[in-house]
Amino acid sequence: MTIIRFIREGLDIQCKPGENLRELVIREKLQLYGLKGILGNCSGVGQCSTCFVSVEGGNKNSLSPITSVEEEKLKNRPENWRLACQTLIKSSAVILTKPQSPPSNLDELKKISENKKLPR
Ligand code: FES
């Protein structure tokens with residue numbers, strides 16, 4: 001069973017390997033975009049840099065490798081950030097949506113997540 005754990009929302013969402021992370025977030029009606037992305041985004045073609053997520057757990061192969069688009073768009077961003085629209089799910093992972101505006105209790109949310117086993 002593949003699970004994406006969304007630590008901001010406190011949700012474990014079951015998905016299929018190969019699913020696109022942006023499409024999963026939208027399907028589950030979670031908020032992917034900050035204000036800039038809400039006002040306008042590229043609908044997942046890797047051009048707007050508004051679908052940031054950070055990878056907070058899982059193994060290093062949980063998600064597809066960084067694409068050339070992400071290498072360009074994430075140049076000055078933390079190493080664990082991805083563009084959700086460019087990311088395919090391979091196995092269970094822990095994700096923070098909108099890492100550009102992290103919740104004030106992020107450390108607490110991470111600890112809660114770490115205490116729950118993540119299926120592979
Ligand atoms: S939705 Fe525009 S870069 Fe991902």
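Where is glycine 44 found, relative to helix H2 and strand S3? Glycine 44 is in the loop that runs between helix H2 (35-39) and strand S3 (52-58). Before we look around that loop, a few ground rules will help. This is a predicted model, in which local features need pLDDT of at least 70 and side-chain atom pairs count only at pLDDT 80 or more, while totals for chains, interfaces and linings use all residues. Residues are numbered from 1 along each chain as its sequence is written.

**The overall fold**

The chain holds four helices and five strands. Here helices (H or I, at least four residues) and strands (E, at least two) are DSSP runs, numbered from the N terminus. Read from the N terminus, the order of elements is β-β-α-α-β-α-β-β-α.

The radius of gyration, taken over C-alpha atoms, can be set against a globule rule of 2.2 Å times the number of residues to the power 0.38. For 120 residues a compact globule would come out near 14 Å, and the chain, with 13 Å, agrees. Along the principal axes, the C-alpha atoms fill a box of roughly 35 × 30 × 25 Å.

A residue is called buried if 20 or more other C-beta atoms lie within 10 Å of its own, exposed if 12 or fewer do, and partly exposed in between, with C-beta atoms placed from the backbone. By that count, 33% of the 120 residues are buried. Two residues are in contact if their C-beta atoms, placed from the backbone, lie within 7 Å. Among contacts with a separation of 6 or more, 70% are between residues 24 or more positions apart.

**The sheet**

The five strands form an open sheet with mixed pairing, in the order S2-S1-S5-S3-S4. Strands count as paired if DSSP finds at least two bridges between them. Strand S2 (11-15) and strand S4 (81-83) stand at the edges with a single partner strand each, so one side of each has no neighbour in the sheet. On average, neighbouring strands are turned by 35° against each other, direction ignored; the axes behind such angles are lines fitted to C-alpha atoms, for helices over the stretch in contact, and angles run from 0 to 180 degrees between N-to-C directions.

Strand S5 (93-97) has pairings of both kinds. S3 and S5 run antiparallel and are joined by five bridges: glycine 58 stands opposite alanine 93, and valine 53 has threonine 97 as its bridge partner. S1 and S5 run parallel, with three bridges, and here phenylalanine 6 stands opposite isoleucine 95.

How many of the five residues of S5 are buried? Five of the five are. In a regular strand the side chains alternate between the two faces of the sheet. In S5 both faces are covered, with Ala93, Ile95 and Thr97 buried on one side and Val94 and Leu96 on the other.

**The core**

In soluble globular proteins, nonpolar side chains tend to be buried together. A nonpolar core here is a set of buried Ala, Val, Leu, Ile, Met, Phe, Trp, Tyr and Cys residues joined through C-beta atoms within 7 Å. The largest one has 23 residues, of which Ile4, Cys51, Ala84, Ala93 and Ile95 touch the most other members. Strand S1 (2-6), helix H1 (21-27), S3 and S5 each give two or more residues to this core, and S5 gives the most, with four. Beyond its neighbours within four places in sequence, alanine 93 is in contact with Ile4, Val55, Gly57, Gly58, Ser62 and Leu63.

**Residues in the loops**

Four loop residues can be set side by side.

| Residue | Loop | C-beta neighbours within 10 Å | Class |
|---|---|---|---|
| Lysine 29 | H1 to H2 | 6 | exposed |
| Glycine 44 | H2 to S3 | 17 | partly exposed |
| Serine 49 | H2 to S3 | 18 | partly exposed |
| Threonine 67 | S3 to helix H3 (68-73) | 17 | partly exposed |

Most residues other than glycine have a negative phi, and most peptide bonds are trans. Lysine 29 has a positive phi, near 60°, and serine 49 has a positive phi too, near 55°.

Back at glycine 44, its contacts outside the neighbours within four places in sequence are Arg22 and Cys85. Glycine 44 and glutamate 9, 35 residues apart in sequence, are 22 Å apart in space, C-alpha to C-alpha. Threonine 67 and cysteine 15 are 52 residues apart in sequence, with 21 Å between their C-alpha atoms.
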